[in-house]
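Please work through the following exercises on helix packing and salt bridges with the structure in view. Each task is followed by a worked solution.

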Amino acid sequence: MLVCDGCGQALSSEAAAAAARRRHLGGPHLGLQPRCPLCGAGCGELRRHIEAAQTEPGPPSPRRPQLTEGLPGCPVCGEAAGRELEAHIRARHGQLLDGPGGDTGNDEQLYECPMCSLTCTNIQILEEHVDLHLEEHSFSEGGNLRDLELAQWLQTEEDNRQRSEEEKREREEFKKLQRRYGLDNSGGYKQQFLKNMEREVDKGRMQPFEYHKRKADMMECLAFGIDDGKTKTSGVIEALCKYYQNENRDVRHVWLSTGVDHFHSSLGDRGWGCGYRNFQMLLSSLLQNSLYNDCLKDTTLIPSIPKIQSMIEDAWREGFDPHGASHFNNRLHGSKAWIGACEIYSLLTSLRIKCQIIDFHKPTGPMGTHPRLFEWVLRYYSTDNEGGAKVLCTSKPPIYLQHQGHSRTIVGIEEKKNKTLCLLLFDPGCPSQEMQKLLKQNSDGTSLKLLRKFVGSLKEKQYQIVAVDGVLSLEEKAARCLASQVLTSEKIP
């Protein structure tokens, strides 16, 4: 028994089946019209499509694949397939090509696919055809979109990883800088002094009784806020004056500061205390100059390093250099924080001592040298101190000299007969044993190498000096305090 392909109705013969197909083609089977096995087009344009898709001889094109064995057969009866499909449809089902939706002449409305130029006569079939294109396009774009999203996610992860590593490096570098500049809350002068003495005892270089004696002395000095004097060397300037008067025939003139005591670093400030030691050297000279007696009436003895830290904090509380104070979180006491020219300026000005910061911010000579620094120091000492004498012991205080990582004190300058200039420096890193060699009367001058620095010896990128030049009135002090809200310096060049 035969069954209708469209609706499943039982049919008595082949003729009845054909009649049923013709009868129901335009009615209940309209939505089930057979489609082209090549591209899925409906029977309404089957004839035109087959003529366009299969009448050209030659090998199958990429866009129109040739049917081969195993592909679907005739869409109407399923009997024939492959190369015989066109002849089979024309011979057995030719009446379908003239049925509903077929070519109706010049008055028939045609619909062209906007994506592949296929022409259809039925708008519903065209919509389904275009939907196939859109689904295929969406699938392709969806794959590209997923690839793009994956690439963006991977790039984001890599950026986050690099940012995390950079932040970690910055934290480590910041901690190193904190340790280097004494801002890591690891204690200050007292803690370092005790720790280093304990280390000396452990190594057998210090006896326990000496440890306890020195600890008691240190605690007493800290309680009174004065330096213990154990690293001080006095009388060097006077020894230099005698030496230059009797020896050194190649020196034309030499200018020296008022008597300056040398202080070197101790167990409590080794590695970070140079700024404080240079202030002690400068202060030792000011205390010997009657011009500054009124300014220093409350400071008759050299203060200890913790006391100097407290004095700088007092200057900050008065309003000096708030930007610099914030760098230290307004706290120095109990730390190993390094200080520089700005802190020395604030401290001196708070004591009503007139001073200025000169910034030699770049080299002014060949090979990265600073000849203009030497010329400035010569003018500082020689002004009001000119004459025919070879050695001039002036009333000028020493000069605080700062560069990256270290500071020293300028105590004089030589002028050679060939006009070459040479600075004389006290270095807080030089131990007392070496400085005391300069006190020997039979010195042959070789120890002067500790002090002498020619132009070619100072090749840091930048130098700053703090030079003292008189006293301030209360009104001038207040004006300078206000001006230090944005602390500036004189730049050379």
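The exercises below concern a predicted model.

**Exercise 1. Describe the packing of helix α9 against helix α12.**

Solution.

Step 1. Two packed helices are described by the angle between their axes and the distance between the axes.

Step 2. Helix α9 spans residues 274–286 and helix α12 spans residues 341–350; their axes come within 11 Å and cross at roughly 35 degrees.

Step 3. The crossing of α9 with α12 is right-handed.

Step 4. On the α9 side, the contact is made by Gly 275, Phe 279, Leu 282 and Leu 286, which meet Ile 344, Leu 347 and Leu 348 of α12. The residues of this contact comprise 6 nonpolar and 1 polar, with no charged residue. Because Gly counts as polar, Gly 275 in α9 is the polar member of the contact.

**Exercise 2. Determine which residue is the salt-bridge partner of Asp 250, and where the two residues lie.**

Solution.

Step 1. A salt bridge requires a side-chain nitrogen of Lys or Arg within 4 Å of a carboxyl oxygen of Asp or Glu. Asp 250 and Lys 416 satisfy this rule, with their closest N and O atoms 3.4 Å apart.

Step 2. Asp 250 lies in the loop between α8 (236–246) and β6 (251–256), whereas Lys 416 belongs to strand β11 (residues 406–416). The pair thus links distant parts of the chain, 166 residues apart.

Step 3. Asp 250 is partly exposed, at 40% relative accessible area. Lys 416, at 8%, is buried.

Step 4. Asp 250 and Lys 416 also belong to a network of salt bridges that includes Glu 414 and Arg 452.

**Exercise 3. Compare the salt bridge of Asp 314 with Arg 317 and that of Lys 477 with Glu 318 by location and exposure.**

Solution.

Step 1. In the bridge between Asp 314 and Arg 317, the closest N and O atoms are 2.5 Å apart. For Lys 477 and Glu 318 the corresponding separation is 3.1 Å.

Step 2. Asp 314 and Arg 317 both lie in helix α10 (residues 305–318), 3 residues apart, or about one turn of the helix. By contrast, Lys 477 in helix α15 (residues 474–483) and Glu 318 in helix α10 link distant parts of the chain, 159 residues apart.

Step 3. Asp 314 is partly exposed, at 36% relative accessible area, while Arg 317 counts as exposed at 59%. Lys 477 is buried because its 16% relative accessibility falls under the 20% cut-off. Its partner Glu 318 is partly exposed, at 41%.

**Exercise 4. State how many salt bridges are counted.**

Solution. Under the 4 Å rule, the count comes to 16 salt bridges.

Terms used: Residues are numbered from 1 along each chain as its sequence is written. This is a predicted model: local features need pLDDT of at least 70, side-chain atom pairs count only at pLDDT 80 or more; totals for chains, interfaces and linings use all residues. Side-chain values use heavy atoms; hydrogens and water are left out. Axes are lines fitted to C-alpha atoms, for helices over the stretch in contact, and angles run from 0 to 180 degrees between N-to-C directions. Helices (H or I, at least four residues) and strands (E, at least two) are DSSP runs, numbered from the N terminus. A crossing is left-handed if the near helix is turned anticlockwise from the far one by less than a right angle, and right-handed if clockwise. Contact means heavy atoms within 4.5 Å. Buried means under 20% relative accessible area, exposed over 50%, partly exposed in between (1.4 Å probe, protein chains only).
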